[in-house]
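Subject: Structure handover

Hello,

Here is the structure I promised to pass on. Please open it first, then read the notes below it.

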Amino acid sequence: MYKFIICPDILLDLLLTPGWNEDNHNLEERTKNCENLKDLIDESKINIYLPPGIFQIIKANLEEQYSDSDRIGQEVRNLLNMVTTDLKVSQDQIYEESTNLRFPKNKNYSEEILLISAMKIQAYAIIASLETIQMAREIQNLNQDYFRDYNIPLLNLNSFLSSWSKGKEIFEDNENESIFVYTPGKRITKLPIGATSIDFAYKIHTDLGNRCKKVLVNEVEYSLTEPLQNGDVVEIVKGENGDIVEILKIENLKKIIWNDYCKTSAAKKGLKRCLRTKLQREGWKIINKYFSRKYKRQIKKIANQLFYQSDNEIAFKLGQGTLKIEELREIIEKKLLSEDEEKRHCLILPKDSLLKGNGNREFEISTCCHPIPGQRIIGISSSLSRPIKVHHKDCLKIQGLKNNQLIGIDWNCNQAKVCLKLRLINKSNTLIPILKQLEDKWKIEHNIHSVTPGKDSLSCVLIEMILTSNHYLNEIIDKLRKMPRVQEVRVKKIHPFRNH
Ligand SMILES: [Zn+2]
């Protein structure tokens, strides 16, 4: 059975229906809430405990309201039908305990009775009016040692009913680790004790956290970094994306400051990510302000080169100040210089100076004729966006093509590093005759890159060799294929280079 303590205001509303004392504030809502609460009591779903001190307050109110003692007696009986008076704690005991407490100056008459009784019966919550909740909270704050072991949830009727409809289990595990707070739309949110409005905002939605600018707790502006209390109604005022880091004046990701602002890992992560995004955005602003398009294009390439994850990472470093704009400019200029250098030493160049526009295009050595630097070559261009295919001048593939499809090109280098992939049958001494052939007959400089034994009794061997115009790669491949125990020979890569 769920035990609750209810404040006199709500008990009187329950007994006499709201509006009995001409307090017509939110009458419709209060009436509906009282009916719902009454249903729960009538159906014995919750148990209301009435402390003696509260009973006396209600009786005094009835006596003030009605002069007819029969009427008063009737209402008292109605009240006693709704509640349990068996608290196993007397008014004197409560009074005695309360003498040890400290109170705010403008204390009402009943808050400490509610708090102490709730603690004695280990109630699930105190259901009370907003003013009573506020005062009870002040008393809790002034007497933290006394209330340390029992963090009693303080709920107004609205919050109670909505959390009840969300499921009773919410009252079951809340006692010492959690608090329950509410959105203005009465959505209930469970947070750890000590959680702040920042935790609340990130719990609702990351975007709400990032845009959080100000907070109203129970309709009053409240510090974003102060702990929330059970039953608080929390309204986040939204601003721009990133406002939260602006308002908290967070400037450095490295500082271990998150604990000062929030309790939940969602909020800590959210803040970090938000700050990171903000610094990144500032970095891009700097880039856009100080760099031309030509420079900006280089930033992506530089990111790879400097082992940054992406150009965003460079922007972030700039925004954070760990990379200076002058440093970045210097790196880009170096990169641009070395690119010019590379172009000047392009390994294959168009013959016709009129075709110099092709100078920026990439070349790809064809896999049919395998031309080697020093041999006569010709280029085929299928489209401007694709690399120019480099064929041997005698290649059969180009024989039928028209002149306008061909591009006159020439080597601007004299050697090529060629990587061959051979598949050999696993037997001792298979490789030795091949190496002898390369060394002694063909005088080819070579290097065994790797030998990988396979499951199928074949080994895969990668051989790198340096070839010049004297070598016809296709002839070499043909001859190797005819050697004993050679299953397959393929060109893995041709890499022309200049040997100074
Ligand atoms: Zn070819």
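Two strands count as paired if DSSP finds at least two bridges between them. Strands β13 and β15 meet that bar, with 3 bridges joining them. They run antiparallel, and β15 covers residues 406–411. One bridge partner pair is I380 of β13 with L406 in β15.

Keep in mind that this is a predicted model.

**The five-stranded sheet**

β13 has another partner, β14. Here 4 bridges do the joining, and the two strands again run antiparallel. β13 spans residues 377–380, and β14 spans residues 388–392. Two pairs to look up: G379 stands opposite V390, and I378 has H391 as its bridge partner.

Both pairings belong to an open sheet of 5 strands. The order is β11-β15-β13-β14-β12. Pairing across the sheet is mixed. Which strands sit at the edges? They are β11 (348–350) and β12 (363–365), each of which pairs on one side only. From one strand to the next, the twist averages 40°.

**Parallel pairings towards the N terminus**

β1 takes up residues 2–6, and β2 takes up residues 46–49. These two pair in the parallel sense, over 4 bridges. Within that pairing, I5 stands opposite Y49.

β2 also pairs with β3, residues 83–84. That pairing is parallel too, over 2 bridges. I48 of β2 faces V83 in β3 there, as its opposite number.

**The nonpolar cores**

The largest nonpolar core holds 40 residues. Which of its members touch the most others? I126 and I127 do. Which helix gives the most to this core? The answer is α6 (residues 111–121), with 5 residues.

I126 is worth selecting in your viewer. Leaving out residues up to four places away in sequence, I126 touches I5, L114, A118, A136, I152 and L154. Two of these names link back to elements above. I5 is the β1 residue that stands opposite Y49 in β2. L114 falls in the 111–121 range of α6, and I126 touches L114.

There is also a second core, separate from this one. It has 31 residues, including V181, V234, L279 and L328.

**Where to start**

For the sheet, begin at β13, which is joined to β14 by 4 bridges and to β15 by 3. For the largest core, begin at I126 and I127.

Best wishes

Terms used. Residues are numbered from 1 along each chain as its sequence is written. This is a predicted model: local features need pLDDT of at least 70, side-chain atom pairs count only at pLDDT 80 or more; totals for chains, interfaces and linings use all residues. Axes are lines fitted to C-alpha atoms, for helices over the stretch in contact, and angles run from 0 to 180 degrees between N-to-C directions. A nonpolar core is a set of buried Ala, Val, Leu, Ile, Met, Phe, Trp, Tyr and Cys residues joined through C-beta atoms within 7 Å. A residue is buried if 20 or more other C-beta atoms lie within 10 Å of its own, exposed if 12 or fewer, and partly exposed in between; C-beta atoms are placed from the backbone. Two residues are in contact if their C-beta atoms, placed from the backbone, lie within 7 Å.
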